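Subject: Structure for you, with notes

Hi,

Here is the structure I promised to send over. My notes on what turned up follow below it, and I hope they help you find your way around.

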Amino acid sequence: METARPMSMLVRPPEAAAPAAVAGEAVRSTLAPAPKLVVEHLAAGFGRATVLRDVDLAVPERSILAVIGPSGCGKSTFLRCLNRMHELVPGAWARGKLLLDGDDLNAGDVDPVLLRRRVGMVFQRPNPFPTMSIRDNVAAGLRLNGIAGNHGEIVERCLRQAALWDEVKDRLGASALSLSGGQQQRLCIARALAVEPEVLLMDEPASALDPIATAKVEDLLHELKARYTIVIVTHNMQQAARVSDQTAFFYMGDLIEVGPTDRIFTAPRKQRTEDYVTGKFG
Amino acid sequence: MGMTHTDRVYDKELQDLRDQLLAMGGRVEAQLAASVRAVVERDPALAEQVKRADAEVNRLEVQIDDACRRILALRQPAASDLRFIATALKIVVDLERMGDLAVNIADRAIDLAQAPQLRPFHDLEALADLTQAQLRKALDAFVRADAAKAEEVIAGDDLLDALYLKIFNELLAWMMEDSRVIRRATSMMFAAKHLERFGDHCINLAEMVVYMVRGTDVRHPHSRGTPGTT
Amino acid sequence: MRSFRLRKARNLAWTAICGLAVVAALLPLLSLLWLVVSKGGAGLSPRFFVDLPAPIGEPGGGVGNAIAGTLLMVGMASLLAVPVGVGAGVFLAEKGDGKVGSVVRFTTEVLSGVPSIVVGIVAYGLVVVPMKRFSALAGALSLALLMVPPLARAAEEFVRLVPSTLREASLALGVAQWRTSLRVVLRTALPGLLTAVLLAVARAAGETAPLLFTALNNQYWNARPDQPTASLTVQIFNYAISPYEDWHRKAWTAALVLLLLVGALNLFARVLARGRLRGAR
């Protein structure tokens, strides 16, 4: 009986690309800014285990790429490959090209420390330095790198960019731990901005925050997009849909699909993406 | 994998919505058939029945609207689910309008039944059959998520339009021949026009089915963006 | 209803047993405190802290030189042991997962298992024999050898307590590894490290056996590291094994002084540790 079959069996996403959409995207890509960050044949893993296979994608300048996928799909590893934090884990390895403005930063002779100043990162849980004041936390990247001086101007600019200035301007000397979770996370964003990165990586930056604090961080993302290229990992699909321009879907170490966010959430091309965004996993 | 949602209650909600849409489609189909029969068989009682039964079509519209809003608010559907809900919200309007058109035809049937019979008019029956077939096909395409069939419906509209034009010209000729038939012929012309409009709504439905299945919008080919452009 | 009563009764019984265990554990400590205070409290006076020991039969006299000697030797031992112990601990925490790490960890474990008298003999062999003289330096070395293992272990624990997220935060800012270890990890662990140092110092201050044939004793003031030096513990030991009633009383009083010193250090360490916990949250 046809009518007894579930909807999902009947409405399949088109595996073969629909011509109209492809034409539209081609036009779009010629209009879009040049890619800031290009990943080519990226593979990564720990010891003998491969957790990421042959990933190719490009992130246009001043745009937000959201990375989604079920737990263990490799999305966090992918993010940590982008600033080479992945290789800090004993036994971890990564291969492939990581082009930032055309320079391969995954090459053996590139100091990852220098890469990390161009590619900043914000973590899942707010992690301000507990021994430092709010001011010193923002300036931490400069001070820890031995750049002396009173970084007042930079501190104010970054706190303003992180939409935190008005809330903390009267207590810059207070401990960073006196802030709420959401404020701490914005402080961490300000801290990342202070070293003037070009790309900002965010690993589930709102997963430990309440909805209001989450909304503030998301609103902030839209502002930051005007200056930075952002890659955000999230397990919250609605968040990916809300904040990003492009969405990449990872599954079991493979990049299944990447495309404009509205397309991924209305008409994905791959069955796995379809299953994931509609909630048909498991 | 990919057969059912992890949350099976969600699955059931989508299935229920689909069943309701099919029930509404079937109801509209029956209304059209009855209204045309009331015209052809000069049966005002049947026409009255059609008018009364429209309340049920309207009730289904409201019910389906509610279900769609609830799913949108509570489930945040995405991808094919989202396209399905979007389709449901659009075609429910078309189906309701089709129901209204059946009522309009029933009105014509009552009007025509009060005057002596005009000469037998088979083209109107043919137009009704064609319209009905279009609706059945469109609903079928929806049930099977068959974009090719939906495209057949879209292509089939030309035939319907041609037949309508023929009827229009014929009735016009009658009226010019004999001014006494003008009132009845006008009624007939309205009925034909209603059927033609009915066919147009079938096209809307078919277009939404194509969108639902493929994720591409086939309406108004020269004046729209494609998905992915914001 | 019945099972609920049963559960309540059981709960009560276990709470009582736990309470008794606490009392049993506290009893020896309290009785020790009581004994020392009751026997040594009478002899306590300001002069006791500053005077030299009096010869037998003479009234008065104190342990001023022994307190100074203890402070001198523990201070010197700390200068030797803290950099080594903390350094080893940081190394173990940061890079201690490899072969070298396990060798170092094994060594500290063995070292902490060596009886303190043996450590004293080692210092005797290393310093006293070549210098042909008992000295504060030899005493300090033996104390330092005793301080290093617990310091290393405690330092490792405290450094490991620093959340890895802080390390990552620093590295992600483009800060080099060594700067991160020094200025983020160590800085964050600092209160904990201070606690570890103070506990090690307190332990060293209470050692007797290794001092017996390294620093020996001295009846007079001494500030030179190459001379035999008095210490509270050895002084107590000497007083305690003497046949004189007066010296026995002085031993109790000196023990009370030592207890106060060690207790103060412990308390201070606690306060610092609490500060560390607040800092990490």
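Let me begin with a helix pair in chain A: helix H9 (residues 181-194) and helix H10 (residues 211-224) pack at an angle of about 20 degrees, and their axes lie 9 Å apart. Because angles under 35 degrees count as roughly parallel (over 145 is roughly antiparallel, 65 to 115 roughly perpendicular, and the rest oblique), H9(A) is roughly parallel to H10(A). The axes are lines fitted to C-alpha atoms, for helices over the stretch in contact, with angles running from 0 to 180 degrees between N-to-C directions. The crossing of H9(A) and H10(A) is right-handed, that is, the near helix is turned clockwise from the far one by less than a right angle (anticlockwise would be left-handed).

Which residues make this contact? From H9(A) they are Gly181(A), Gly182(A), Gln185(A), Arg186(A) and Ile189(A), and they meet Ala213(A), Lys216(A), Val217(A) and Leu220(A) of H10(A). By class the residues of this contact divide into four nonpolar, three polar and two charged. Here Ala, Val, Leu, Ile, Met, Phe, Trp, Tyr, Cys and Pro count as nonpolar, Asp, Glu, Lys and Arg as charged, and the others, Gly among them, as polar.

Before I go on, some housekeeping. This is a predicted model, in which local features need pLDDT of at least 70 and side-chain atom pairs count only at pLDDT 80 or more, while totals for chains, interfaces and linings use all residues. Residues are numbered from 1 along each chain as its sequence is written, and chains are lettered from A and ligands numbered from 1 in the order in which they are written. Helices (H or I, at least four residues) and strands (E, at least two) are DSSP runs, numbered from the N terminus.

Now for how the chains meet. Two residues are in contact if their C-beta atoms, placed from the backbone, lie within 7 Å. Of the two pairs of chains in contact, chains A and B share the most contacts. Chains B and C do not touch, and their nearest C-alpha atoms are 34 Å apart. Between chains A and C, 23 residues of A are in contact with 20 residues of C. On the chain A side, helix H4 (112-118), strand E6 (119-122) and helix H6 (140-144) each supply at least two residues, and H4(A) gives the most, with four. That side of chain A has 13 nonpolar, six polar and four charged residues.

Chain B has six helices and zero strands, and its C-alpha trace spans about 65 × 40 × 25 Å along the principal axes. Of its 230 residues, 43% count as buried (20 or more other C-beta atoms within 10 Å of the residue's own; exposed is 12 or fewer, partly exposed in between; C-beta atoms are placed from the backbone). Have a look at helix H6 (residues 182-214) of chain B: its 33 residues reach 47 Å from first C-alpha to last, close to the 48 Å expected at 1.5 Å a residue (1.5 Å times one less than the number of residues). H6(B) is mostly covered, with 25 of its 33 residues buried. Gly215(B) follows H6(B) and has a positive phi, near 80 degrees.

Chain C comes to eleven helices and zero strands. Buried residues make up 41% of its 281 residues.

Best wishes
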